Every structure is written in C-alpha cells, then in structure tokens.
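Biologist: I would like to learn how to read a model like this one, feature by feature. Where should we begin?

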Amino acid sequence: MPLGLGRRKKAPPLVENEEAEPGRGGLGVGEPGPLGGGGVGGPQMGLPPPPPALRPRLVFHTQLAHGSPTGRIEGFTNVKELYGKIAEAFRLPAAEVMFCTLNTHKVDMDKLLGGQIGLEDFIFAHVKGQRKEVEVFKSEDALGLTITDNGAGYAFIKRIKEGSVIDHIQLISVGDMIEAINGQSLLGCRHYEVARLLKELPRGRTFTLKLTEPRKAFDMISVRSGGGRPGSGPQMGTGRGTLRLRSRGPATVEELPSAFEEKAIEKVDDLLESYMGIRDTELAATMVELGKDKRNPDELAEALDERLGDFAFPDEFVFDVWGAIGDAKVGRY
C-alpha cells in the first residue's frame, strides 16, 4: 500500500506551525496552554504520578546556573516534578526555573536536559532573569529561529541561524523564553505551537516579542551564542545508565542508547528542525522507538498517527523518518 493511503489523521492543532524544536526540551509534560498545548501528541493529559514507593530512589546534585551552593534532589519522575524539587532545594518558586543543563552552568543547548539524565550528571538550573520587549520587522518568511520547550510550559529559543532576521537583533539571544507575541501569552504552549505562530506572522510587518532571558553568572554576561551545531546532540552523561523521564508513567533507569539509537535519534531530530523548525530529542526518541521494528513506511505512519496524531506529520516527513531510521540501522551515518 503506498505511503499515506488509508491514513486517518486527527484534526490538526488550532495553530499551524513555524520554526520550533521539540532539548529534549519537548517532554510533553506541560499543562495545556491558551492554544491547547499539552504533552507529546498534543492536548492529552498524562497519568497521575506514581506513588513514591515506585519511583527510582536516585539522588542528583544540582546548582543554580548563576551561582549557588550545591543541593541534592530526588524522588521526581518527570521534568515538572524535577523543577519543583529544585525550587524546594533553593527556596524559590517553581515557576522561576526556565530550563536545566547537564554538567555545565552555561547556556549550552547541546547540554540541555531533556528526557534522559545520566546517573552521574550534575544538574544546573537556569532561572528567570531580565525581561525585555523587542520589536521585530519580518523582512523574510523565515526568521531563523529554532524553538524548543522545557516540558513544563515554557518555550524558548534554542538556535539562531547565522545571517537571519533574528541574528541581526542583538537583544535576542539563545535561551530567551518567549512569553508573548503581540501581547498574546504563550505560557503553557508547546514549541510547535509557538513556531507555527511565528511562521504565520505576515511578511513585511512589525511584531512584538516579550522575552525573559536566563539569569547569567558573571562570566556569561555579554556572551551571545547562536546555539548548538546541527547534528551535535546532547551528551547524556558519564554513568553506566540514564534516568528516563516520561510524560506518562513512572521514570525508569535504562541502559545508555545504542550507537544505532543515538544516530537515528540525531537524524530524526534534524528532520524535525528541517520540516517543523523544532528540535526535541525526546520526541525523536519516541519516533525511533515506534519505527525501529516496523517493516515499511506505512506501518510507521500508522504507529505515528496512533501515538502522535496531533502533530499531523506530512507523508514526505514520515517517509524521510523511515529512511533515517533505516540508514542508521545499516550504519549509513
């Protein structure tokens, strides 16, 4: 059966998409936002957290990225709970935590905490800093932004393309959280919703971005990064295993991904950025998991529609994902 025949897609999200990125930031555990955002696969709500007795009893060390004593956290099963534990450790509101990086206090998008934490990883929490409002003239269809989210309701800038519209605006930096576009709040929205809104803004018009930058340590002030290099995925840790955080169900301790899985996830994540303007290693990992045992593109399409139907992936994207997984299987990197 040719790819796409007989596929029954769910209705598309309320907004069309632009340049978004699901660090493993898009973990799908955020609360529904004003545009209907929810977990991976859209507005579906996850199961309630498992009882504490069923959660892995692992202890991680953490600091605030701009500087703090070292804290110890444990007993979390998803990103939202992780932020709550960090907030408790440092006596600050959980809403102040923007995102976390692993083993570096810098705003390094290659080290963004997503769906997995190495058992020996050190967690640095980036909290809200200066707020700013910027007017942008959309002179080109593409703004040059790649968007991700933190899995708990905040979308932020993961990459700025060199020479793009946004690259010429020095006030906008990688790591900035996008609070609102033209006064419309985006708190609680997923990365792909924010990207679609940006893409739908009319060319030749000026729009307003309300942003919040992460609070910076002294050695980070005045540093402006374009984000991680395409294809350079996050380094997941130095331990023998990882703690995998899930949007539904308990966290689990797993072996490190195989070389095939790492390469396939990286290639699928690149496709997400190319087609949708988003990067989301957790979403990419889910797609690889769904596709690695499928016999043809149509079986993959059916699995994606069933599990991730709210993304309404186009057929050509599904075909490329199938090819990327197949290439990784036979070592064509």
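Modeller: Begin with a loop. This is a predicted model. Arginine 91 sits in the loop between H1 and strand E3 (97–102).

Biologist: What is phi of arginine 91 near, and how do I read the value?

Modeller: The general idea comes first. Most residues other than glycine have a negative phi. Now the case here. Phi of arginine 91 is near 55°, a positive value in a residue other than glycine.

Biologist: Is arginine 91 buried or exposed?

Modeller: Arginine 91 has a relative accessible area of 81%, so it counts as exposed.

Biologist: Which other residue has a positive phi, near 50°?

Modeller: Alanine 312, again a residue other than glycine. Its place is the loop between helix H5 (297–308) and helix H6 (315–329). Its relative accessibility is 23%, so alanine 312 counts as partly exposed.

Biologist: Back to the loop between H1 and E3. Where does alanine 94 fit in?

Modeller: Alanine 94 is in that loop, between H1 and E3. Its relative accessibility is 39%, which means partly exposed. For contacts, look past the sequence neighbours. With neighbours within four places in sequence left aside, alanine 94 is in contact with Tyr83, Gly84 and Ala87. Take one of these, tyrosine 83. Alanine 94 is 11 residues from tyrosine 83 in sequence, and their C-alpha atoms are 5.9 Å apart in space.

Biologist: Now the other end of H1. In which loop does asparagine 78 lie?

Modeller: In the loop between strand E2 (71–74) and helix H1 (79–90). Follow its side chain. It reaches the backbone nitrogen of glutamate 81 at 2.8 Å.

Biologist: Why does asparagine 78 count as buried?

Modeller: The cut-off for buried is under 20% relative accessible area. Asparagine 78 is at 12%, so it is buried.

Biologist: Which side chain does something similar at the start of H4? I mean a reach to a backbone nitrogen.

Modeller: That of aspartate 280. One of its side-chain oxygens comes to within 2.9 Å of the backbone nitrogen of leucine 283.

Biologist: How many residues of H4 are buried?

Modeller: 10 of its 11 residues, so H4 is mostly covered. Thr281, Glu282, Leu283 and Ala284 are among them. Leu290 and Gly291 are buried too.

Biologist: How do I read the packing of H3 and H4?

Modeller: Start with the geometry. Helix H3 (residues 259–276) packs with helix H4 (residues 281–291) at an angle of about 120°. Their axes are 8 Å apart. The crossing is right-handed.

Biologist: Which residues of H3 and H4 meet?

Modeller: A general point helps. Residues three or four places apart in an α-helix point the same way, because there are 3.6 residues a turn. Now this pair. From H3 come Phe260, Ala264, Ile265, Val268, Asp269 and Leu272. From H4 come Thr281, Leu283, Ala284, Ala285, Met287 and Val288. By character, the contact holds 10 nonpolar residues, one polar and one charged.

Biologist: Asp269 is in that contact. Is aspartate 269 buried or exposed?

Modeller: Aspartate 269, in helix H3, has a relative accessible area of 2%, so it is buried. Check for a polar partner as well. The side chain of aspartate 269 makes a polar contact with the side chain of arginine 279, at 3.3 Å.

Biologist: What is the relative accessible area of valine 318?

Modeller: It is 0%, so valine 318 is buried. Valine 318 lies in helix H6. Its C-alpha is separated by 8.9 Å from that of aspartate 298, 20 residues apart along the chain.

Biologist: One more loop. Where is serine 139?

Modeller: Between strand E5 (123–137) and strand E6 (145–149). With a relative accessible area of 34%, serine 139 is partly exposed. Not counting residues up to four places away in sequence, serine 139 touches Val165 and Arg203. Serine 164 is 25 residues from serine 139 in sequence, and 9.8 Å away in space, C-alpha to C-alpha.

Biologist: And the whole protein: how many helices and strands?

Modeller: Six helices and 12 strands. Of its 333 residues, 55% count as buried. The accessible surface comes to about 14700 Å², and 51% of that belongs to carbon and sulfur atoms.

Terms used. Residues are numbered from 1 along each chain as its sequence is written. This is a predicted model: local features need pLDDT of at least 70, side-chain atom pairs count only at pLDDT 80 or more; totals for chains, interfaces and linings use all residues. Side-chain values use heavy atoms; hydrogens and water are left out. Helices (H or I, at least four residues) and strands (E, at least two) are DSSP runs, numbered from the N terminus. Buried means under 20% relative accessible area, exposed over 50%, partly exposed in between (1.4 Å probe, protein chains only). A polar contact is a pair of N or O atoms within 3.5 Å; within protein, one must be able to donate a hydrogen and the other to accept it, and residues adjacent in sequence count only if both atoms are side-chain atoms. Axes are lines fitted to C-alpha atoms, for helices over the stretch in contact, and angles run from 0 to 180 degrees between N-to-C directions. A crossing is left-handed if the near helix is turned anticlockwise from the far one by less than a right angle, and right-handed if clockwise. Contact means heavy atoms within 4.5 Å. Ala, Val, Leu, Ile, Met, Phe, Trp, Tyr, Cys and Pro count as nonpolar, Asp, Glu, Lys and Arg as charged, and the others, Gly among them, as polar. Accessible areas come from the Shrake-Rupley method with a 1.4 Å probe; for residues, only the protein chains shown count as cover.
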